[in-house]
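The following exercises are meant to be worked through with the sequence and the coordinates at hand. Each task is followed by a solution that goes step by step.

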Amino acid sequence: MTTITLEVPDELAARLDPLRDRLPELLSKLLESRQADRETEDSSDEITAPVYQEVIDFLASGPTPKQIIAFKISPAAQERLEELLDKNREEGLTQAECAELDVYELVHNAMILLKARARRNRS
């Protein structure tokens, strides 16, 4: 077995002391839980962010440069984005909602690049 030495604040050390004998077990459970969370997030991005599928479907249709320049997300996707932004400002987001908002940001950034290239190729 490996020994690991950690420096932690005194307050945290006092809270951990009663759990000293269970720390390896608790750390193992924490790591398993984090891995399960990551796997759930990875597999649910498409489910929780339909805007991603919306853009993929649009691009798969083989749009012209003019159609790319004119592209806007659906009203439903725009409404969901506004809900996430409002909730983020007012009360904060869950981990899943943060991941969903990240997808919106990635889609937005990708569309900016695509539209810039479409404008350049159109002229």
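Axes are lines fitted to C-alpha atoms, for helices over the stretch in contact, and angles run from 0 to 180 degrees between N-to-C directions. The model used throughout is a predicted one.

**Exercise 1. Describe how helix 3 and helix 6 pack, and state how their directions are related.**

Step 1. Two packed helices are described by the angle between their axes and the distance between the axes.

Step 2. For helix 3, which covers residues 50-60, and helix 6, which covers residues 95-122, the packing angle is about 25° and the axes are 9 Å apart.

Step 3. Angles under 35 degrees count as roughly parallel, and helix 3 is therefore roughly parallel to helix 6.

Step 4. On the side of helix 3 the contact is made by Val51, Tyr52, Val55, Phe58 and Leu59, while helix 6 contributes Val103, Tyr104, Val107, Met111 and Leu114.

**Exercise 2. Summarise the secondary structure and the overall exposure of the protein.**

Step 1. The secondary structure comprises six helices and zero strands, and the order of elements from the N terminus on is α-α-α-α-α-α.

Step 2. The protein has 123 residues, of which 19% count as buried.

Step 3. The exposed area of the protein is about 9800 Å², and 55% of this area is supplied by carbon and sulfur atoms.

Step 4. If one takes the contacts between residues at least 6 apart in sequence, 57% of them join residues at least 24 apart.

**Exercise 3. Which residues make the nonpolar surface patch of about 380 Å², and is Leu6 buried or exposed?**

Step 1. The patch is made by Ile4, Leu6, Val8 and Leu12.

Step 2. Among these residues, Leu6 lies in the segment before helix 1, the helix that spans 10-16.

Step 3. Exposed means a relative accessible area over 50%; Leu6 has a value of 64%, and it therefore counts as exposed.

**Exercise 4. Examine the salt bridges within helix 2 and helix 5, giving the accessibility class of each partner.**

Step 1. A search of the whole structure finds seven salt bridges.

Step 2. In helix 2 (residues 23-48), Lys29 and Glu25 lie four residues apart, which is about one turn of the helix, and their side chains meet in a salt bridge with an N to O distance of 3.2 Å.

Step 3. Lys29 is partly exposed at 48% relative accessibility, and Glu25 is likewise partly exposed, at 36%.

Step 4. This pair belongs to a wider arrangement, since Arg22, Glu25 and Lys29 are linked in a network of salt bridges.

Step 5. In helix 5 (residues 75-90), Arg80 and Glu83 are three residues apart, again about one turn of the helix, and a salt bridge joins their side chains at 3.3 Å, N to O.

Step 6. The relative accessible area of Arg80 is 25%, so Arg80 is partly exposed, and Glu83, with 40%, is partly exposed as well.

**Exercise 5. With which residue does Asp17 form a salt bridge, and how exposed are the two partners?**

Step 1. The partner of Asp17 is Arg20, and the closest N and O atoms of the pair are 2.8 Å apart.

Step 2. Partly exposed covers the range between the limit of 20% for buried and that of 50% for exposed; Asp17, at 42% relative accessibility, is therefore partly exposed.

Step 3. Arg20 has a relative accessible area of 55%, and for this reason Arg20 counts as exposed.

Key: Residues are numbered from 1 along each chain as its sequence is written. This is a predicted model: local features need pLDDT of at least 70, side-chain atom pairs count only at pLDDT 80 or more; totals for chains, interfaces and linings use all residues. Side-chain values use heavy atoms; hydrogens and water are left out. Patches are made of residues with over 30% relative accessible area and no salt bridge: like charges are joined within 9 Å, nonpolar side chains (Val, Leu, Ile, Met, Phe, Trp, Tyr) within 5 Å. Accessible areas come from the Shrake-Rupley method with a 1.4 Å probe; for residues, only the protein chains shown count as cover. A salt bridge is a side-chain nitrogen of Lys or Arg within 4 Å of a carboxyl oxygen of Asp or Glu. Helices (H or I, at least four residues) and strands (E, at least two) are DSSP runs, numbered from the N terminus. Buried means under 20% relative accessible area, exposed over 50%, partly exposed in between (1.4 Å probe, protein chains only). Angles under 35 degrees count as roughly parallel, over 145 as roughly antiparallel, 65 to 115 as roughly perpendicular and the rest as oblique. Contact means heavy atoms within 4.5 Å.
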